[in-house]
Amino acid sequence: MIKALIVGLWTTLRHFFSRSVTLEYPEQKWTPPDRFRGRHIHLTNEERKPLCVACGLCEKVCPSGCITIESEKNPDGPGKVVTDYRINYLRCCFCGLCVEVCPKNAIVMGHEYELASEDKESLIMNLDQLLDKRMKSENQ
Amino acid sequence: MIVDIVLQIVKIIVIFAVILTCVAYLTLMERRCLGFFQVRLGPNRVGPWGLFQPIADGLKLFFKEDMTVLHANKFYFILAPVISFVAVLSCFAVVPFAGNAYIIDIPVAVLYLMAISSMGVYGVLLAGWSSNNKYSAMGGYRATAQMISYEIPLALALVGVLILSGSMSIVDIVNSQNGMWYIVKQPLGFIIFLICILAETNRCPFDLYECENELVAGYQTCYSSMKFGLFYIGEYAHIFLACCLITLFYLGGWNGPVLPALAWFFIKVFFCAFCFIWIRATYPRVRYDQLMNLSWKVVLPLAFLNLIVTAVIKVMF
Ligand code: SF4
Ligand code: SF4
């Protein structure tokens, strides 16, 4: 029994001197794993137009009902173009179903996780905020 | 005469300020060390390395709502934290920090310590009883049983030290350790003393009377704000006192080479405090029956054995 007590003390002492696993958050950021489901990103084509064809599938599948799509008839071609696309992050549960269902792979889950805000309005994001500013999609 | 009294009062104020500062930083030390033991950082946000954390904690306690529960016995409810606090702080009156840094050195200091420190249990018992609910009451009963069971071996272990030093004055006890600390001469006594003082100060693995997962918060369940704060300070002051006593009785007090006496004293005391925290980080809480068995069936006989052997050796040589 005494040996066990000493082994216990030794174990905790080793931990005392080992490196802490704490991430000091505002200064150090966390790198999410590849398949992390953060804030959505709307992908664009080479002309900086959203890939979305406003089919409305994501709106339908969303279990929280937090997607709102506004669209109009495509002036120069068949189909529709999306004019606004709002995701209400007050209600989104990051299930990723909208991404799964999209026939055009127009929407993906991004890595951004800092979604706290002091006013609710800023958490209802529109197309402009969701559009991918950096990445060009090969997927036309 | 007047000058003497004023000097004495100034001394008391200074020493108590030092003690309370140490106690405040003991809480910080505990939280940070526990953090390191659990491979995290502990509080480090308030000030550099979290050094202002105790001040922030204190302020927070002041601003909390001070409640007295309706069905409590008001008088004892308020009296209880005061008793706990006063009982511990009065003990420091006879604790010498260095060769001459003490408030008073009375020839029966050890007796005084034993008597006053056992007063603390009244605070806990009254708190448990006057809050008038089952968790507090259970905490109070456990406290009484635990204190009584562990005070006896504690005193017996101390008698070993008293036999060797031949005096009850703490200054004399420390001086008689010049050259050889009593931890060497009294290893068994030291371990018994350590176990008992852990139980007396209500530390893990013996923190039976406020164990969160059984009793909510034991005797403190109904306390808030500064009334809780007094218990809290009292508890940590008790730990600080325990560390001082271990240092004085077994680790040679302020004796040590090169560094000044005061520095040695505080190094030893904070090393003891570290060990307290280390033990808390390591061992799980014992069960109530194990606690009682340990006291009456293991520690007490060993304490008697230690006492007899010490006495026999002292008489023979
Ligand atoms: S992740 Fe789920 S909840 Fe959020 S918008 Fe997509 S479907 Fe709706
Ligand atoms: S499922 Fe895809 S293409 Fe259809 S509306 Fe949603 S984002 Fe646009």
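## Exercises on a two-chain model

Val39(B) sits in the loop that links helix H1 (2-37) and helix H2 (53-63) of chain B. The structure is a predicted model. Work each task with the structure open.

### Exercise 1: Two loop residues

Task: Find the sign of phi at Val39(B) and at Asn202(B). Then decide whether Val39(B) is buried or exposed, and do the same for Asn202(B).

Solution.

Step 1. Start with the general rule. Most residues other than glycine have a negative phi.

Step 2. Check Val39(B). Its phi is near 60°, so the value is positive, and the residue is not a glycine.

Step 3. Check Asn202(B). Its phi is about 65°, again positive in a residue that is not a glycine.

Step 4. Locate Asn202(B). It belongs to the loop between helix H8 (187-200) and helix H9 (212-215) of chain B.

Step 5. Apply the cut-off. Buried means under 20% relative accessible area. Val39(B) has 16% relative accessibility, so it is buried. Asn202(B) has 6%, so it is buried too.

### Exercise 2: The shell of ligand 2 and its sheet

Task: List the residues around ligand 2. Then state how they divide by class. Finally, place Ile69(A) and Tyr85(A) in the sheet.

Solution.

Step 1. Read off the shell. Ligand 2 is surrounded by Cys52(A), Val53(A), Ala54(A), Cys55(A), Gly56(A), Leu57(A), Cys58(A), Ile69(A), Tyr85(A), Cys102(A), Pro103(A) and Ile107(A).

Step 2. Sort by class. The shell has 11 nonpolar residues, one polar residue and no charged residues. Gly counts as polar, and Gly56(A) is in the list.

Step 3. Find the sheet. It is open, with three strands in the order S2-S3-S5 of chain A, paired antiparallel. Its edge strands are S2 (67-73) and S5 (124-125), each pairing on one side only.

Step 4. Look at one pair of strands. S2(A) and S3 (residues 80-88) of chain A run antiparallel and are joined by seven bridges.

Step 5. Place the two residues. Ile69(A) stands opposite Tyr85(A), which is in S3(A). Both Ile69(A) and Tyr85(A) are also in the shell of ligand 2.

### Exercise 3: His40(A) and ligand 1

Task: Which residues are around ligand 1? Which contacts does His40(A) make?

Solution.

Step 1. Name the shell. The residues around ligand 1 are His40(A), Cys62(A), Pro63(A), Ser64(A), Cys66(A), Ile67(A), Cys92(A), Cys93(A), Phe94(A), Cys95(A), Gly96(A) and Cys98(A).

Step 2. Sort by class. Nine are nonpolar, three are polar and none is charged.

Step 3. Place His40(A). It is in strand S1 (residues 40-42) of chain A. Its relative accessibility is 2%, so it counts as buried.

Step 4. List the contacts, leaving out residues up to four places away in sequence. His40(A) touches Ile87(A), Tyr89(A), Cys92(A), Cys98(A), Val99(A), Ile107(A), Val108(A), Met109(A), Gly110(A) and Leu130(A).

Step 5. Compare the lists. Cys92(A) and Cys98(A) are among these contacts and are also in the shell of ligand 1.

### Exercise 4: A lysine in helix H10

Task: Is Lys227(B) buried or exposed? Which residues is it in contact with?

Solution.

Step 1. Find the helix. Lys227(B) is in helix H10 (residues 225-250) of chain B.

Step 2. Check accessibility. At 9%, Lys227(B) is buried.

Step 3. List the contacts, without neighbours within four places in sequence. They are Asp66(B), Met67(B), Thr68(B), Phe77(B), Ile78(B) and Pro81(B).

### Exercise 5: Cavity and pocket

Task: Find the volume of the largest cavity and of the largest pocket. Then say which element gives the most to each lining.

Solution.

Step 1. Count the cavities. The whole structure has five of 30 Å³ or more. The largest has a volume of about 180 Å³.

Step 2. Study its lining. It has 19 residues, with Val88(B), Val124(B), Gly234(B), Glu235(B) and His238(B) nearest the centre. H10(B) gives the most, five residues. By class, 10 are nonpolar, seven polar and two charged.

Step 3. Turn to the largest pocket. Its volume is about 1100 Å³. Its lining has 32 residues, and Leu5(A), Ile191(B), Leu194(B), Ile195(B) and Tyr283(B) lie nearest its centre.

Step 4. Find the main contributor. H8(B) gives the largest share, seven residues.

Step 5. Sort the pocket lining by class. It has 30 nonpolar residues, one polar and one charged.

Methods. Residues numbered from 1 in each chain as written. Chains lettered and ligands numbered in written order. Predicted model: local features only at pLDDT ≥ 70, side-chain atom pairs only at ≥ 80, totals over all residues. Heavy atoms only, no water. Near = heavy atom within 4 Å. Pairing = 2+ DSSP bridges. Helix = DSSP H or I, 4+ residues; strand = E, 2+ residues; numbered from the N terminus. Buried < 20%, exposed > 50% of the residue type's maximum accessible area, 1.4 Å probe, protein only. Contact = heavy atoms within 4.5 Å. 1 Å grid on protein atoms, 1.4 Å probe; cavity = no way out; pocket = protein on both sides within 12 Å on 5 of 7 lines; lining within 4 Å. Points joined across faces, edges and corners; volume = space filled by probe spheres on them.
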